[in-house]
Amino acid sequence: MTEPIVRHYGPRAYPDHPPFSYPDYRSTVKRAPSQDLLGIVKTLTESTGPGPIWSEISEDDADLTTNAGTGGEAIGERIIVTGRVLDEHGIGVPGTIVEIWQTNAAGRYVHWRDSKRKAPLDPNFIGVGQCVTDEEGTYRFLTIRPGPYPWGNHPNAWRPAHIHFSLMGPAIGSRLVTQMYFEGDPLLPLDPIYNSAPGHSRERMIGSYDHDITEEGWATGWRWDIVLRSEEGILEESEEDE
Amino acid sequence: MTRHLGQTPSQTVGPFYSMRLAAEGDNVLPIPDGGQRIVVKGKVFDADGKHVEDALIETWQANPVGGYNHPDDLRELGQSREFTGFARAQTDFQTGEYRIETVKPGRVPDPEGEMQAPHIAMIIQGRGMLNPLFTRFYFSDELQANQQDIVLRAVPAGRRATLIATLDEGSDPPTYVFDVRLQGESETVFFDV
């Protein structure tokens, strides 16, 4: 019988990620493990994962300005958000699902827990989308620029505008949930969730305005690449090839 | 020279992830040929023993004969499009309980060529959690296999019990309880996978 391939992924680069406990973001303190993570042998369980496709996806899912299905269009600043999902060697990750959720232009989520504040809902906006990366690892969404919103972490706390991104990548070990922020947002230096990521890596979460993506008379364009933990060994092999 | 790019940092899923993740039905997998329906349920607890009301639970497992539905598993072990092996659930806001309906996984080889005990990998995320936590659970009615499992044997003996889902005797379908303790006494073993 053919043997399965057990790929060896490089380390999850914990020094590039936030710590588990980050007291400025208060809720982390009691939800962070106190013991060290235990390293385990590489087995097929962790070197595989769901996919590439575990749910039905239609092209309409990538257009959040109309996917409420009401026939109407969402209100707000229409934006294109696109980029590539890459591995650590700069190679695109094809065929992986990218799932997103976000507030509407007023900073309100379509979620029963977001009801304390009287920010308006938009009947033509549900704030969720998904797409699959193409052969180059490229994803693309059409959406509305989300708004900032207040939260209860500390006095006068406001989350900077952001879009939640969820990716699986090729294995459960490459699982990543993160947030895309917007270049130039004055709330970024004040946000403990953004700042929980170390200083040398947090700017990797910022999408940049890109005039080449902007479509005339239609929507402004933002570029944001996402880098997933990836297999080790490819680096050495490709150097030999060169 | 090949570029080396830094990993994009992880962020919390926050309290609103259920808009997109863990939709109704994502916690129920179909029963493939030869599969035995089981239920796995439990709660996630914080450092104070308070249940986490908004955790995202994701599970990844082999099918009943030990095959993963993934391109790297080249063995032909009854993989089908229908049984993804992937489930998502959220803990209930009121009760704190998650529930997954799946099948008992088959055994999968370890790197030394022995068979691992039946297990299901789990990823736990939530508001106030800046990184995903990875663990696995095993089954309380697989004592002998558990004793020989390469991963379980590497866990300090005093902490192994945190990775065992306990069969609720007499339950139908067989129901296993697997609680996750994020911090403190009996803290679940989390892996650097």
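In this predicted model, Glu53(B) pairs up with Arg31(A) in a salt bridge, with 3.1 Å between the closest N and O atoms. That pairing belongs to a bigger set, since the count of salt bridges between chain B and chain A comes to 10. Polar contacts add to the picture: 44 residue pairs are linked this way across the two chains, counting pairs with both residues at pLDDT 80 or more. On the chain B side, the elements that give two or more residues to the surface touching chain A are β2 (55-60), β3 (86-90), β5 (119-126), β6 (133-139), α2 (150-154) and β10 (191-192). Of these, β5(B) hands over the largest share, 4 residues. Sorted by class, this side of chain B has 37 nonpolar, 19 polar and 17 charged residues.

Now for the contact as a whole. Here 73 residues of chain B meet 96 residues of chain A. Together the two chains bury about 7,400 Å², and 58% of that lies on carbon and sulfur atoms. Three residues stand out on chain B: Gln7(B), Gln11(B) and Met19(B) supply 11% of the area that chain B buries against chain A, more than any other three residues.

Next come the empty spaces. The largest pocket holds about 610 Å³ of space. Its lining is made up of 22 residues, and those closest to the centre are Lys116(A), Trp151(A), Gly152(A), Pro15(B) and Phe16(B). Strand β6 of chain A (residues 149-151) gives the most to this lining, with 3 residues. As for the mix of classes, the pocket lining has 7 nonpolar, 8 polar and 7 charged residues.

There are also closed spaces, with 4 cavities of 30 Å³ or more in the structure. The largest cavity has about 90 Å³ of space. Chain A supplies Arg7(A), Tyr9(A), Ile40(A), Val41(A), Lys42(A), Thr43(A), Glu46(A), Ser47(A), Gly173(A) and Arg229(A) to its lining, and Val193(B) joins in from chain B. By class, that lining splits into 4 nonpolar, 3 polar and 4 charged residues.

The second largest cavity contains about 50 Å³. Around this space sit Arg12(A), His17(A), Ser174(A), Arg175(A), Leu176(A), Val227(A), Leu228(A) and Arg229(A), along with Gln7(B) and Thr8(B). The lining here counts 3 nonpolar, 4 polar and 3 charged residues. Two names turn up again: Arg229(A) lines the largest cavity as well as the second largest, and Gln7(B), one of the three residues singled out for buried area, also lines the second largest cavity.

Terms used:
Residues are numbered from 1 along each chain as its sequence is written. Chains are lettered from A and ligands numbered from 1 in the order in which they are written. This is a predicted model: local features need pLDDT of at least 70, side-chain atom pairs count only at pLDDT 80 or more; totals for chains, interfaces and linings use all residues. Side-chain values use heavy atoms; hydrogens and water are left out. On a 1 Å grid over the protein atoms alone, a cavity is a set of points where a 1.4 Å probe fits but cannot get out, and a pocket is an open set with protein on both sides within 12 Å along at least five of seven lines; lining residues have an atom within 4 Å of a point. Grid points are joined across faces, edges and corners, and a volume is the space filled by probe spheres set on the points. Ala, Val, Leu, Ile, Met, Phe, Trp, Tyr, Cys and Pro count as nonpolar, Asp, Glu, Lys and Arg as charged, and the others, Gly among them, as polar. Contact means heavy atoms within 4.5 Å. Buried area is the accessible area (1.4 Å probe) that two parts lose on being put together, summed over both. A salt bridge is a side-chain nitrogen of Lys or Arg within 4 Å of a carboxyl oxygen of Asp or Glu. A polar contact is a pair of N or O atoms within 3.5 Å; within protein, one must be able to donate a hydrogen and the other to accept it, and residues adjacent in sequence count only if both atoms are side-chain atoms.
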